[in-house]
Amino acid sequence: MAKAAKENRDLSAWKKNRQTSPFANLLSELSKFPKASIPAPDLARVRNQILDRISIPELEKSGWLSSLSAFVPYLRMGAGIVATLLIVTSLALGTSVAALDSSPGSAIYPLKKIVENIELKLAPADKKAALQIKFADNRAEEVQQVLEKNQSGQLSNQQTQQIIAATVNDLQKSATAAVTASGKRPKTSIVNKLTDISNKLRAASIQSEGQVKIEIDKALQTAQTQEQAIKNLEQAGLKVETPPIVMDNSVKASGKLTSATDVSVSIGTAKFLLTKDTKFINTSAKDLKAGLLVDIAGQIKDNKSYATQITAVTETNTETPAPAANTDSPIVK
Amino acid sequence: MTEAELKEILKQAQSGDSEAFARIYDHFSVKVYRFIYFRVGHKEVAEDILSDTFVKSWRKINQVNSPTALSAWLYQIAKNNIIDYYRLKKETVNLADVQDFLEDEADPIDQTNLGFEQRKILQVLGSLPEDQQQVIKYKFFEDLSNDEISYIMGKTEGTIRVLQHRAIIRLKELLTKKNGD
């Protein structure tokens with residue numbers, strides 16, 4: 001009878017029976033309780049997020065790593081370190097280690113961004129906010145390093161301006177993503193770190209002028225706005241709506257090719273695999289050779305970088321080829 | 001989706017086909033989202049828990065033996081994720097008390113459109129033992145099957161049927177008594 005009531009079938013036979021009629025009426029009423037309407041979820045966004053998350057291969061299932069299953073909890077905790085080690089061993093050791101300390105403008109800087117990207121992908125959800133704020137802090141440090149290089153004459157004003165603009169753009173993304181990722185449970189540590197970043201940027205702003213100063217002030221404003229946003233969030237409790245977190249796998253690099261084969265091209269240690277969908281602008285696959293100045297746009301998938309578009313840059317357009325290589329942070333806009 | 005189709009898709013997902021798994025998500029996401037939403041009362045939080053639920057289920061998909069157990073199994077993972085959410089939110093709360101601590105719970109019933117008899121049912125429902133109340137709420141307010149309820153409550157399906165039977169008998173007695181007053 002309960003099943004029939006749930007399926008809105010005819011209960012009249014039970015209702016006519018003197019013994020079963022009270023139960024039939026009760027079940028009928030229970031089945032007709034008006035249901036509350038709920039806010040429609042963004043199921044497509046969640047679907048994409050899930051597919052993105054499950055596309056990362058699980059370390060503990062791959063080959064020889066399976067023998068380390070007893071250490072899975074530790075592997076999870078140190079996923080970032082493990083990923084970094086894998087990259088370090090898969091590339092030339094010296095340059096990879098150096099990349100982690102590199103500053104924007106150096107040829108090996110893209111590797112640092114790729115390592116960060118992978119570290120973020122492998123981090124548990126509750127650690128992402130802390131990582132993003134660490135990356136924002138890295139960018140603030142790099143702004144200072146670039147300004148020092150400019151003052152010592154290692155970088156021209158034009159190069160400095162380009163590099164600072166790209167670094168500030170990354171800093172803004174990371175700072176915003178950190179606040180978004182910590183949205184449900186804002187932490188004092190994030191606010192404190194944002195204050196640190198603001199102080200570093202203030203110091204950098206004082207040392208700079210012109211377009212560079214404008215760019216640094218933009219970053220400063222973002223850090224201060226996010227700091228205020230997180231405080232507002234704490235005051236408002238959990239009901240404040242936060243924008244969805246969208247993982248961005250895009251990666252960019254610019255500079256002279258250091259090697260080119262039928263299947264891949266490299267700028268320094270940043271290697272991009274060629275696919276049948278790779279587009280070539282002002283050049284073709286067979287014309288790619290070491291020394292060619294290019295802009296490469298790519299996507300990171302399964303911890304590998306795939307070139308989606310390679311644009312040859314003519315020397316006349318850029319007197320001093322910008323060695324700046326920039327990897328967009330895999331974060332929310 | 002028929003049981004045969006679901007069986008085939010489950011088999012594909014278990015062999016590592018993420019597109020097949022996406023079809024499982026398409027099929028169950030709305031129901032699982034509703035279940036989560038009623039327990040956390042917040043759209044974005046419910047979406048995050050939904051995402052975690054399916055990511056965890058992908059990693060353990062080989063544990064599912066049959067397509068009929070799939071939805072109940074998903075509810076069980078969702079329930080564990082909801083408990084984790086409250087445990088993280090209230091770090092000082094004893095883990096054993098977490099299940100009784102759903103402070104952001106949303107009401108699955110539209111209270112403004114209740115009928116006269118339905119209001120009386122709600123009034124007496126609170127007098128039932130906790131597990132009987134839960135079964136009635138899951139079964140009639142959230143449209144869950146006995147199989148799903150058994151996974152969520154960690155009891156056998158037979159126990160759920162017994163609880164439901166006793167709850168209805170008791171509700172009927174309480175309503176008769178109330179109408180007689």
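These notes go through a predicted model with two chains, A and B.

1. **Chain A in outline.** Start with the make-up of chain A. It has twelve helices and seven strands. Its length is 333 residues, and 36% of them are buried. Now take the contacts in chain A with a separation of 6 or more. Of these, 69% join residues 24 or more positions apart.

2. **Chain B in outline.** How many helices and strands does chain B have? It has eight helices and zero strands. Along the sequence the pattern reads α-α-α-α-α-α-α-α. Chain B holds 181 residues, of which 33% count as buried. Among its contacts with a separation of 6 or more, 63% are between residues 24 or more positions apart.

3. **Where the chains touch.** The contact between the chains takes in 29 residues from chain A and 36 residues from chain B. On the chain A side, two helices each supply at least two residues: H3 (21–31) and H4 (43–54). H4(A) gives the most, with eight residues. By class, this side of chain A has 17 nonpolar, four polar and eight charged residues.

4. **One helix pair across the contact.** Look next at H4(A) and helix H3 of chain B, which spans residues 43–59. Their axes come within 9 Å and cross at roughly 35°. The crossing of H4(A) with H3(B) is right-handed. Which residues meet here? From H4(A) come Val46(A), Gln49(A), Ile50(A), Arg53(A) and Ile54(A). From H3(B) come Glu47(B), Leu50(B), Ser51(B), Phe54(B), Val55(B) and Trp58(B). Sorted by class, this helix contact has seven nonpolar, two polar and two charged residues.

5. **The largest nonpolar core.** This core counts 53 residues. Which of them touch the most other members? They are Ala136(A), Val143(A), Ala178(A), Leu201(A) and Ile216(A). Helix H10 of chain A, residues 157–181, provides the largest share, with ten residues. Two domains of chain A each contribute at least three residues to this core: domain 2 (44–239) and domain 3 (250–312).

6. **Val143(A) and a second core.** Set aside the neighbours of Val143(A) within four places in sequence. Val143(A) is then in contact with Ile164(A), Thr167(A), Leu201(A), Ala204(A) and Ile216(A). Apart from the largest core lies another, of 32 residues. Its members include Tyr33(B), Phe38(B), Phe54(B) and Ile61(B). Phe54(B) also appears in the helix pair of point 4, on the H3(B) side. As background, nonpolar side chains in soluble globular proteins tend to be buried together.

7. **Ile149(B).** This residue sits in helix H7 of chain B, residues 146–153. Is Ile149(B) buried or exposed? It is buried, because 24 other C-beta atoms lie within 10 Å, and the cut-off for buried is 20 or more. Leaving out neighbours within four places in sequence, Ile149(B) is in contact with Val135(B), Tyr138(B), Lys139(B), Leu144(B) and Ile160(B). Gln134(B) is 15 residues away in sequence, with its C-alpha atom 9.1 Å from that of Ile149(B).

8. **Asp143(B).** Follow chain B back to the loop between helix H6 (130–141) and H7, where Asp143(B) is found. Its phi is positive, about 55°, although the residue is not a glycine. Asp143(B) has 15 other C-beta atoms within 10 Å, so it is partly exposed.

9. **Phe280(A).** Back in chain A, Phe280(A) lies in strand E5. It is partly exposed, because it has 17 other C-beta atoms within 10 Å. Not counting residues up to four places away in sequence, Phe280(A) touches Ala285(A) and Ile310(A). Ala307(A) is 27 residues from Phe280(A) along the chain, and their C-alpha atoms are separated by 9.8 Å.

10. **Asn282(A).** Where is Asn282(A) found? It is in the loop between strand E5 (279–281) and strand E6 (293–301) of chain A. Its phi is near 60°, a positive value in a residue other than glycine. Asn282(A) has 12 other C-beta atoms within 10 Å, so it is exposed; the cut-off for exposed is 12 or fewer.

Definitions and conventions. Residues numbered from 1 in each chain as written. Chains lettered and ligands numbered in written order. Predicted model: local features only at pLDDT ≥ 70, side-chain atom pairs only at ≥ 80, totals over all residues. Contact = placed C-beta atoms within 7 Å. Helix = DSSP H or I, 4+ residues; strand = E, 2+ residues; numbered from the N terminus. Nonpolar A, V, L, I, M, F, W, Y, C, P; charged D, E, K, R; others polar. Core = buried A, V, L, I, M, F, W, Y, C linked by C-beta atoms within 7 Å. Domains from an automatic or database assignment. Axes fitted to C-alpha atoms, helices over the stretch in contact; angles between N-to-C directions. Left-handed = near helix turned anticlockwise from the far one by under 90°.
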